[in-house]
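Biologist: I'd like to learn how to read a structure like this one. Could you walk me through it?

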Amino acid sequence: MEPYRIKAVEPIPTTTRQQRVSALDRVGYNLFGLRAEEVMIDLLTDSGTGALSAAQWAAGVAGDESYAGSRSFHRFREAVEELTSYPHILPVHQGRAAERVLFSALLVPGQITLSNTHFDTTRANVALSGCQARDLPCPRARNLHRPEPFKGDIDLDGLAAQLRGPDSSRIALVIMTLTNNGEGGQPVSMDNLARAAALCREHGVPLFLDAARFAENAYLVTQCESAYGGHSPTDVAKEAFRLADGCLMSAKKDGIVHIGGFLGLRDEALARRCELTLIATEGFPTYGGLAGRDLEMITQGLTEALDPRYLRSRAEAAAHLAALCRGTGVRLVEPPGLHALYLDAGHLLPHIAPHRFPGHALACALYVEGGIRSVELGSLYLGKEDSNGDPVVSAPYELLRLALPRRTYTRTHLDHVGQSLEAVVRNKDRVPGYRIVEDAPLLRHFRARLEPVLAGPGIVGTTGAAPDHGEGPDDRSESAQNRSRARRAVAAPPATDGRRPA
Ligand code: F0G
């Protein structure tokens, strides 16, 4: 059972299927555009969406809001240094601010960063610094469905080849993302991390941890890496931080807070350079974009996130939802991690081509069916099309992520997700694909507007005719008819077992 009971509750809004269909149309079929009250179960992200503990709220009230030298900062700094061993701790308002501050001090245009997999904001911040982000996931990660441990590892041969190769002089840093969010939330083993650290040391390249989910990674190490069987998650986490030169932390994940993060650094000169950007863009170094109460809540949250009973209940919640998903015939990235499940939408919806976004199609269908919000990690996120909507680059996999906010939803909420997925699966052949009608130059999945397109064989071709927004006679054209049929298909599949959809 969960090692906590519930003290404050928030009502879940109830919406009808028709309201959800209309909402989806209004927001251009992009779930990021929905209002929270249009969502019943929000599995969009585990970031900043967790429930605070009574101890965190209490700590927040004790926050010291002094502009400079806040008592809360010093408590926070000492706790974070004790955990990470880094003497320089710079608070920031969230993880991507840590990325911007570090990269502006460390990267020069033309350089390269290497990672087991860069998270999307990390990649964007590398690009904004005029540099190139290269991912080196381990080859085992390619087999999505095989439940091997530590598929979040970096490819050590690939790393060695890069560090010794023709571009070696341009490699500025290596980032290990724990757990590896871009590769199905899979953990990184301590063995892999230690070997990557040794390679970085040998080549004089600094190693940073993207530590957003460091506690969950540490827990999975205690469960799956034999050398760490008897260790506590805290001991494993401390050892991981000690292997690196610094960390970027989004405390919205394993700090269990609504906002916050930090940059931890060993190198004093680098810390001084980062402080300049911090002061100019985040705040004075003793608050860095946060209130004193936020710093107190993070200090407390970091301890709670490492509690083995809490971590185990989180693993069990993920395992429960994974079993429900498998029961519907949906394939998952295996084994399930802790912060999210990644559903193989490409396998479930083979009639939808990658550039018609099967992961996104599943996200929309799940929203219409059960009011559940999730996010695509496939070709909408990573792909590229030409001006006709024809594919230029497709993602390697078409996934849908169901993220699990911390301490927020109960097993019956997860049961609702399982039942909704089952209803979608029953009608999977009728789920339409999507095409982009309004793009964005960077991180397009946040802002793009889309429209449904029928993509089944014999219904309409899967190559994209240019969208036709004309009025009048054009509405009678084949593409206009297809568009209106596709819109109807979004609403179409009601539950067929006599159960009334919510
Ligand atoms: N690194 C990783 C591995 C992340 O997952 C995230 C955010 C960040 C950095 C950036 O941190 O949001 O505090 O600025 N991930 C969220 C997600 C948004 O939904 O996976 P942030």
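**Around the ligand**

Modeller: Sure, and keep in mind that this is a predicted model. Let's start with the ligand: one of its oxygen atoms is 2.9 Å from an N or O atom in the side chain of N181.

Biologist: Which polar side-chain atom lies 2.6 Å from a nitrogen atom of the ligand?

Modeller: That one belongs to D210. R213 also has a polar side-chain atom, 2.9 Å from a ligand oxygen. In total, 16 residues surround the ligand, and the closest are T45, R96, D210, S250 and K253.

Biologist: Okay, now helices. How do I read a pair of them?

Modeller: Two packed helices are described by the angle between their axes and the distance between those axes. Take helix 4 (residues 95-106) and helix 10 (residues 268-281): their axes come within 9 Å and cross at roughly 125 degrees.

Biologist: What do we call helix 4 and helix 10, given how they lie to each other?

Modeller: Angles from 65 to 115 degrees count as roughly perpendicular and those over 145 as roughly antiparallel, so helix 4 and helix 10 are oblique to each other. Helix 4 passes helix 10 in a right-handed crossing. By class, their contact has 7 nonpolar, 3 polar and 2 charged residues.

Biologist: And the backbone? Which residues does a cis peptide bond join?

Modeller: L178 and T179 are one such pair, with omega about -20 degrees. T179 sits in the loop between strand 5 (171-177) and helix 7 (190-203). Another cis peptide bond links E334 to P335, where omega is about -10 degrees.

Technical notes: Residues numbered from 1 in each chain as written. Predicted model: local features only at pLDDT ≥ 70, side-chain atom pairs only at ≥ 80, totals over all residues. Heavy atoms only, no water. Axes fitted to C-alpha atoms, helices over the stretch in contact; angles between N-to-C directions. Helix = DSSP H or I, 4+ residues; strand = E, 2+ residues; numbered from the N terminus. Parallel < 35°, antiparallel > 145°, perpendicular 65-115°, else oblique. Left-handed = near helix turned anticlockwise from the far one by under 90°. Nonpolar A, V, L, I, M, F, W, Y, C, P; charged D, E, K, R; others polar. Near = heavy atom within 4 Å. Polar contact = N/O pair within 3.5 Å; in protein donor to acceptor, adjacent residues only side chain to side chain.
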